[in-house]
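Here is a short report on one protein model. Its strands, helices, cavities and a few single residues are taken in turn.

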Amino acid sequence: MGRHNLLARYFGWLIVCGFFSACTPQTEVTEVPSPPSPPPLILDNGRPNLMPLPTAQETWQCEVVVIGGSLGGVAAAYHAMEAGATTCLIELTPWLGGQISSQGVSAVDESLAMRADQNFSASWQAFKQEIAQQTVMLPEWTGKGDVTVDEVNACWVGKLCFVPEAGAAAAQAHLESVLPQSPESRWQTQTAFKGATFDDSGQEIVAIHAVRRIPRRSNYIPTGRFSQALASWYSWSADATFEKVSLRLEPPSGQRMMVIDATDTGEFVGWANLPHRLGSEAQTTTGEAHGSERDNPACTQAFTYPFVIALNDDDGKSLTALDQMLQQEPPLYGAHEHEKQFDMEGFPFFTGRSFFNYRRIVSTTRNDPFRATPVLGDMTMVNWNRGNDWTWMDPPLIFAADQIRESGQQQNWLGGISAVALRHGEDHALLFARWLLETQSQPGFPLSYLMGDEAYMGTQSGLSLIPYIREGRRILGRSAYGDKAFLMREADLRTDQVGGRDFTPTTVAVTHYDIDIHGCRYRNGAPSWEASSAPAKEFVVRPVQIPLESMVPQEVNNLLMGGKSLAVSHIVNAVTRVHISEWGMGAAAGTTSAWLINRPNLTAADIVEQGYMDELQEQMLEQGLRLTW
C-alpha cells in the first residue's frame, strides 16, 4: 500500500471519529435545568398570591366573617349572630371595641340633636347600657373601691364617659349575650388578618387567612408602643414574646360565606387593592364645594394616642417615668417641634367647661361637669386637637397602593401602615402628657400620668393599645344614585347646599354629627391640600341617611364594609367616623350578611337591582335598627 493511500485512510478515520465520536471515550453531558420561574405575585384571577401561606393549624367554619373587632365589628358580629348566622370575628388587639377600648376614645360622640330626640337604634341603646353597668376597680387613692361606670360617669363631651377597659368588657359581654342564638359562633382577639383566597373568577372570597398570637407569659402586658409591636403582631412566625397559630376561616361545606371589613384602615380593601380613595379630594374630583384644590392621598385625618391623667399626688413618680421613657427612646423630631403645637385653646383646665371635665372618665363625686371643679381621685381621658393629635404627614400613616405593592405586603400583609408615623404619634402623646404635668398642675390640684395597671389602657406605657384612627381607605361603590362609582358627598349632608340626594329607598342606618375634620399638615409648612373650609357645626348638617350602596365594594361579591371604609368622601368621613355612625354601619353590615346567607343566589349588589330592599329593611327594623330620623 502506497504512502498516499495510508494518509488517506488515516485522515478518513479521523473524519469518522470526529463525526461519530467513536474513537475515544466520551464524557456524558448532563443538561443543567433552567431555574424555576418565581411564583407570580398576582394570580390568574387577579388577586394577590400569599407567600408564605403556612398550612392552617386551625380551620373555622363560618357563614359570616368579621375582620376587625372595632366598634363597627362588634355591632356587625352581634347582629349577624342575632339573626342566627354562624359568625367568626378576628381582632388584632387584645380588646374588642375599637374606639371605645383599644383606641382609648372612651367618651361617646353623639350629636345634640340625636340625643335630644333619642334617635338611636335599640341595639345602640342596649350596648351603652351594657357599658354603664360594667364594674371598675379603682385605685385606693381615689377613695373608692369597686364601682359601676354609671356611679362615676360625669363628663361634658357627651352622656357617657368611662375607662377603656370597661368598653372592652362590655363588648365581650354583648357578644356573649347573643351567643345562644348562634352557638357555633366564635371570636378571637390578638389575631391579625393576613389575606384571602378567592375563586377562579376573583370575585368570590372562599377563605380568610389569619394568625393568632399567644403570649408566652401569663402576666404579659403590651408595652404600649405599637410602632415596635406592629411587625410582631402581624408576623406568621413565633418569637420570644409570642407563640403563633395560623388560621383558615372558610364556609361550611357546600355553603357560601359573607365577609365584612370592619377594620379602621380598610385592611382588606388595601390588601386586595379594591377600587378606593385615600386622603383628601379636590373639588374637581368629587364636585364638592369645599373640596381642596388638589387630591392628596397622604392627607387622612389626624390620628391620636389617648392616655389618662388623674388628680393625684404621686410625688412626681409619673413625671419621672415619662422623662425616663423619653430619654430611653428620644423623639425622632426634637421635643421643641412637638411642644410648640400644644395649646389649651382658651379652655380653663379645671373649673367649668374645662379641659379636665371634657372627657372625665372617673368622677368620684359626679359633680356638674359644666360648672364644677374636679376633685382628688378624678381621672380624664386625653384626646385633644392641639395636644396628642398627630397631624403631620412626614410620613403619612396609611400606605397607598404603590407602597403596599413595593413593600411586598400583598403577599405578606403587615397592616399597611407606617411604623415611623406611629412612632411620631407616640412621641407626641408622651410629650403632651409631660407638658400637661409640668404646666397645668396647680396647688391643691396635682396631676399624675397613669401607666400600667392604673392606666386602664391595657399597656405599660399608658398610651392606648393602638391609636384612634379617624380615617383610612374609603371604597368606591358601584353604579348608584347617578354615580358610576358611588360615594356620599358633602351636598348629601348639608342643609345649605343644593344637590343633596334622598337615600330613603336604600337607607340602612342614620347618623348625625358636626363635619369635624382633624386636618393634616407637612412639617415644613408646605400646602397640605386639606379641605380646610369644610368643617361645620351640626345645625347645618341634615339627618344623614347611609344607603346600602355605601357598603358594597366593586369587584368582590361577598364583601361588605362594616365601619369607616364606606363609600364616602374625605369630607363626609368627618361625620361617619364617630361612634354612633360606626355602630350603625356595622349593625347594617351584620344584618345584611346574615340575610344574604339564606339567599345564596343573591349578592349585595342584587338587593337593590332585583327589588329586595323592602324585605331587607323590614329585617333591619325587626332587629331594632333605625332607618328614619
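His209 has Arg248 as its bridge partner in E9. E8 and E9 pair in the antiparallel sense over 8 bridges; two strands pair if DSSP finds at least two bridges between them. Strands (E, at least two residues) and helices (H or I, at least four) are DSSP runs, numbered from the N terminus. This is a predicted model, in which local features need pLDDT of at least 70 and side-chain atom pairs count only at pLDDT 80 or more, while totals for chains, interfaces and linings use all residues. Residues are numbered from 1 along each chain as its sequence is written, and side-chain values use heavy atoms, with hydrogens and water left out.

**Strands E7 and E8, and helix H6**

E8 also pairs with E7, in the antiparallel sense over 7 bridges. Here Ala192 has Val211 in E8 as its bridge partner. E7 and E8 form a hairpin, with 6 residues between them. In the turn, Gly202 has a positive phi of about 75°. E8 is mostly covered, with 8 of its 11 residues buried. Buried means under 20% relative accessible area, exposed over 50%, and partly exposed in between (1.4 Å probe, protein chains only).

H6 is largely enclosed by the rest of the structure, because 7 of its 9 residues are buried. Among the buried residues of H6 are Phe226, Leu230, Trp233 and Tyr234. What covers them includes E7, strand E8 (205-215), strand E9 (242-250), helix H7 (267-272) and H13.

**Cavities and the largest pocket**

A search of the whole structure finds 5 cavities of 30 Å³ or more. The search uses a 1 Å grid over the protein atoms alone. A cavity is a set of points where a 1.4 Å probe fits but cannot get out. A pocket is an open set with protein on both sides within 12 Å along at least five of seven lines. Lining residues have an atom within 4 Å of a point. Grid points are joined across faces, edges and corners, and a volume is the space filled by probe spheres set on the points.

| Space | Volume | Nonpolar lining | Polar lining | Charged lining |
|---|---|---|---|---|
| Largest cavity | About 280 Å³ | 10 residues | 9 residues | 3 residues |
| Largest pocket | About 1,000 Å³ | 16 residues | 6 residues | 14 residues |

Ala, Val, Leu, Ile, Met, Phe, Trp, Tyr, Cys and Pro count as nonpolar; Asp, Glu, Lys and Arg count as charged; the others, Gly among them, count as polar.

The largest cavity is lined by 22 residues. Leu92, Tyr234, Thr263, Glu267 and Ile466 lie nearest its centre. Strand E7 (191-198) and helix H6 (226-234) are the elements that give two or more residues to this lining. E7 gives the most, with 3 residues.

The largest pocket has 36 lining residues. Trp156, Val157, Tyr358, Tyr513 and Asp514 are the closest to its centre.

**Two open sheets**

One open sheet has 4 strands in the order E14-E15-E13-E17, with antiparallel pairing. Strand E14 (360-362) and strand E17 (447-449) stand at the edges, each with a single partner strand, so one side of each is left without a neighbour in the sheet. The twist averages 35° from one strand to the next. Strand E13 (residues 307-311) pairs with E17 over 3 bridges, and Ile309 has Tyr449 in E17 as its bridge partner.

Helix H13 (residues 419-440) lies across E13, strand E15 (379-382) and E17. H13 runs at about 160° to E17. Axes are lines fitted to C-alpha atoms, for helices over the stretch in contact, and angles run from 0 to 180 degrees between N-to-C directions.

Another open sheet has 3 strands, in the order E16-E12-E18, and its pairing is antiparallel. Strand E12 (residues 303-304) and E18 pair over 2 bridges. Phe303 has Ile469 in E18 as its bridge partner.

**Two buried residues**

Thr592 lies in helix H15 (residues 579-597). Thr592 is buried, with a relative accessible area of 0%. Leaving aside neighbours within four places in sequence, Thr592 is in contact (heavy atoms within 4.5 Å) with Leu548, Met551, Leu560, Ile607, Leu616 and Met620.

Arg501 is in the loop between strand E19 (474-475) and strand E20 (507-511). Arg501 is also buried, with a relative accessible area of 11%. Leaving aside neighbours within four places in sequence, its contacts include Tyr481, Asp483, Asp492, Arg542 and Gln545. Arg501 and Gln545 are 44 residues apart in sequence and 9.5 Å apart in space, C-alpha to C-alpha.
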